[in-house]
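Okay, let's get going. I want to walk you through two interfaces today, so have a look at the model first.

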Amino acid sequence: MTEPRSRFDIVVVGAGPAGLAAACAAAEKGKRVAVVDDAPSPGGQIWKGEQSRLSIPQAQKWIERFRRSGATLLDRTAVIAAPEPGVLLAEHPEGAREIEWSKLIIATGARELFLPFPGWTLPGVMGPGGLQALVKGGWPIAGKRVVICGTGPLLLAVADGLKKQGATIAMIAEQAPMSRVAGFGFKTLRHPGKLVQGMGIFARLRGVPYRCGVWPVQANGGEQVNSVTLADGSNQWTEKCDLLACGFHLVPNVELPLAMGCELAGGCVRVDANQLTTVPDVYCSGEPTGIGGVDCALTEGQIAGYSAAGSDDQAAALSNERAGWHAFRLAMSNAFALREELKSLANPETTFCRCEDVAFGRVKAASGWREAKLLTRCGMGACQGRTCGAAAKFILGWGMESVRPPLLPARVGNLTRTNR
Amino acid sequence: MSSSYDIIIVGAGIVGAACAMECARSGLRTLVLERGHIGGGTTAAGMGHVVVMDDSEAQFALTNYSRGLWLALRPQLPADVEFDLCGTLWVAADHEEMAEVYRKQGFYEPRGVHVEVLDAEAVARVEPNLRAGLAGGLRVRDDAVVYPPCAARFFLEQAMQYGAELRQAVTVKRLLSNGGVELADGSRLAADRIVNATGPWSPELTPGLPVRKRKGHLVITDRAPGFVHHQIVELGYLKSAHSMGQDSVAFNIQPRLTGQMLIGSSRQFDAEDGGVDHAILDRMLRRAFEYLPGLKDLSAIRTWTGHRAATPDKLPVIGPTVVSDRIWLATGHEGLGITTSLGTGRLLADLLLGRPTAIPSDPFLPARFEKGGASHG
Amino acid sequence: MAERVQLRVNGKSVEVTPGTVVAAAIAMAGESKFRRSVSGMPRGPLCGMGLCMECRVTINGLSQCRSCQTLCEPGMEVLTDD
């Protein structure tokens, strides 16, 4: 139960690993802390469902620690605006929420990068992370034949998770070449935890074809997907599937930091050693500062939490650990760099903007993102350009513009502050 | 200075685009210069009304003339201009506002504008989502709604078919009183005449011009087809939004052809910043909820702001400046630039070529302001 | 585990465990088409995290609800393909 108006010393946006770690660190220092999240339960996308199903020990540990920390969880609460300094406006199923903060920690995580190819809009084509989250939310998966493609370590983790739930994984198709993926695997030797985790996954996925240097070129089906055409540069073939999980690694969620006026560098939020952004009292941790994975997010989250709570020493003590994860982050981004062929999967007729059904040919003819928006409606729909904007950035090299409220579609009534 | 163009139009908003279309159609060698995107300024920020208005005889003459030109052009408009002949419903909340309905009827009917007075029941029947208890309204049948950026693009395409040139990403630094413009890079382009069609930014090129930026906010919803059927405007509009003084809000909603609802409006002077002002957004939406309570439950997907080019007498500035008959103006259209773009283009071309004008041009001439509202050197 | 939540998807009764999201209930009801795009194409969930807006459905009369972020509640009326 949440109040229309509340006030905290420290407000954390996002209840994934970075947000939970930040909240624990700050609340354990005696601060009044709230974590705001759109989802009904803590854990973020990566640890979704872990509060009720025990499967990831690390998640259990942090969720337990969070429960004991004294921090408040404002669940089902989507931040939609920052109407004035020190205040967030959010939407809850029961109405608008105004949340005041003295320090803000942004831990909004990442979303999957989706790239358009013929058939990618068919029902049954989803992000691997998206499918995993839906399965955790009860999506019927047992007996379903799934092809997983795209790129990144997530493909393996998702294959593992889906297989445990009774899915048949027909194939995992990783776009990155084997040489680079193997090199990345070797680098994880420096992070024993990651290695053990990786080996476990590989053992459980024995018998599942894992192909590198393979990418999707077309999803086939009428009303829903029934097969996918894959390519490796010299051959093309078709794999039957009930579901196609396809995602090209992750894009940081930087809408809130942008709305707060935080500076970005290379598409990620610029932070100092304390995870402080360029805006006073606004911190940022985890994926928005660079796609680094769970462990990196946990470390950065704690640093932000400690420093927002005034415990700079404890924050500083974690800086070596963070440096290690940043090395891992760099290795991961190099290993799973996207191949050029992925820029030309879409035909001129392929839907590029899924909300407004704008074909790739029309979008490509524009001089840039703003012109595409103005003259073709690309990016003007309900997802506010999150899907096509990220694809346009990779395929066409276009930059995004500033964000406007609401940061997520919200009931018009909730755009007015408090009392509806 | 030898002129390679008869006319250079600065600004590819809907007004500049319409001027270009009319000039090029009249055989003038026309160049359009735009520093940003086609229809990317006030044109992109506005609602897209095509309406008749009756604040003054001059305003009526220009809006009615322009609306007629829109209706004539309708068969040629591409689908993405989203022309929708939805009509306008002016709603009266009380008897005082109902008197205004009859006054408007008395004004419009003798001038040949098709209007209908609706009583409380009729208003509730045609727009069931309006709150109960309204006094009535006036329906203006031939008013419409368009998507302005694509309309601007279409006008420019027409202009180019008549031989006009368009150069984008070109910033004009100065208008030259002996003809031509100086660009940001110091180079010059020559023309017999220059038109400043840069809307709210026009005083930057024509110092002293009494055009002020008047900020507005809009909210657009996700698709909710049929939520309203007309563009609806409150008659309290007259009491609030038209006062030139302090910040004001008025209830105004448009059904877009996409099924989306576009909600306005707000007016603020001295608010240069383009950010969303939550205090005025709050007032604007609360005003809208007073008329359409069900609006609260629609899904809002975007809020934005823009600046209108406001003049002291609420009429646009169309014609030659007093200081130089080589420098012309087509600006100051405030909230009616989409409607009046076409009339402005015709009026400008007729004046340039010494042709008779379809409506009196005097009320729009820069000469009406002290010193002609300009000081070029 | 004994506890079950009953709801209706396009008039069809579906029984789920507590904690199930509406998107999953829709899939259990055998529906693959969550919404029709603006040009009439069938669409289903994509991101699973409430950002892509592809899983929008009508829940208890309220349109444009994200089915992937909404938990099933007893008696819910869900309509797809709006």
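So, domain 1 and domain 3 of chain A: their C-alpha centres are 26 Å apart. Keep in mind that this is a predicted model. For orientation, domain 1 of chain A comes in two pieces, 5-111 and 251-332, with domain 2 at 114-248 and domain 3 at 341-420.

How much area do domain 1 and domain 3 of chain A bury between them? About 1600 Å², and 61% of that sits on carbon and sulfur atoms. On the domain 1 side, A:Ile80, A:Glu91 and A:Glu255 supply 32% of the area buried against domain 3, which is more than any other three residues. In terms of contacts, 22 residues of domain 1 of chain A meet 18 residues of domain 3 of chain A.

Now the polar side of things. The rule finds one salt bridge across this domain 1 to domain 3 interface in chain A. A:Glu255, one of those three big contributors, pairs through its side chain with A:Arg386 in a salt bridge, at 4.0 Å from N to O. We also get five residue pairs in polar contact between domain 1 and domain 3 of chain A, both partners at pLDDT 80 or more.

Which elements give two or more residues to the domain 1 side? In chain A, they're β4 (78-84), β5 (87-92), β6 (95-106) and α7 (255-260). The largest share, six residues, comes from β4(A). Sort that side of domain 1 by type and you have 12 nonpolar, three polar and seven charged residues.

Right, on to the chain A and chain C interface. Here 37 residues from chain A touch 38 residues from chain C. The buried area is about 2900 Å², with carbon and sulfur atoms giving 57%. Within chain A, the residues losing the most area to chain C are A:Arg354, A:Asp357 and A:Arg411, together 18% of what that side buries.

How many salt bridges are there between chain A and chain C? The count is four. A:Arg354 shows up again here, in a salt bridge with C:Glu54 whose closest N and O atoms are 2.5 Å apart. There are also 12 residue pairs in polar contact across the chain A and chain C interface, again with both at pLDDT 80 or more.

As for elements, β7 (110-112), β8 (125-126), α3 (128-136) and α13 (386-396) of chain A each give two or more residues to the side touching chain C. By type, that side of chain A divides into 16 nonpolar, 11 polar and 10 charged residues.

Definitions and conventions. Residues are numbered from 1 along each chain as its sequence is written. Chains are lettered from A and ligands numbered from 1 in the order in which they are written. This is a predicted model: local features need pLDDT of at least 70, side-chain atom pairs count only at pLDDT 80 or more; totals for chains, interfaces and linings use all residues. Side-chain values use heavy atoms; hydrogens and water are left out. Domain bounds come from an automatic or database domain assignment. Contact means heavy atoms within 4.5 Å. Buried area is the accessible area (1.4 Å probe) that two parts lose on being put together, summed over both. A polar contact is a pair of N or O atoms within 3.5 Å; within protein, one must be able to donate a hydrogen and the other to accept it, and residues adjacent in sequence count only if both atoms are side-chain atoms. Helices (H or I, at least four residues) and strands (E, at least two) are DSSP runs, numbered from the N terminus. Ala, Val, Leu, Ile, Met, Phe, Trp, Tyr, Cys and Pro count as nonpolar, Asp, Glu, Lys and Arg as charged, and the others, Gly among them, as polar.
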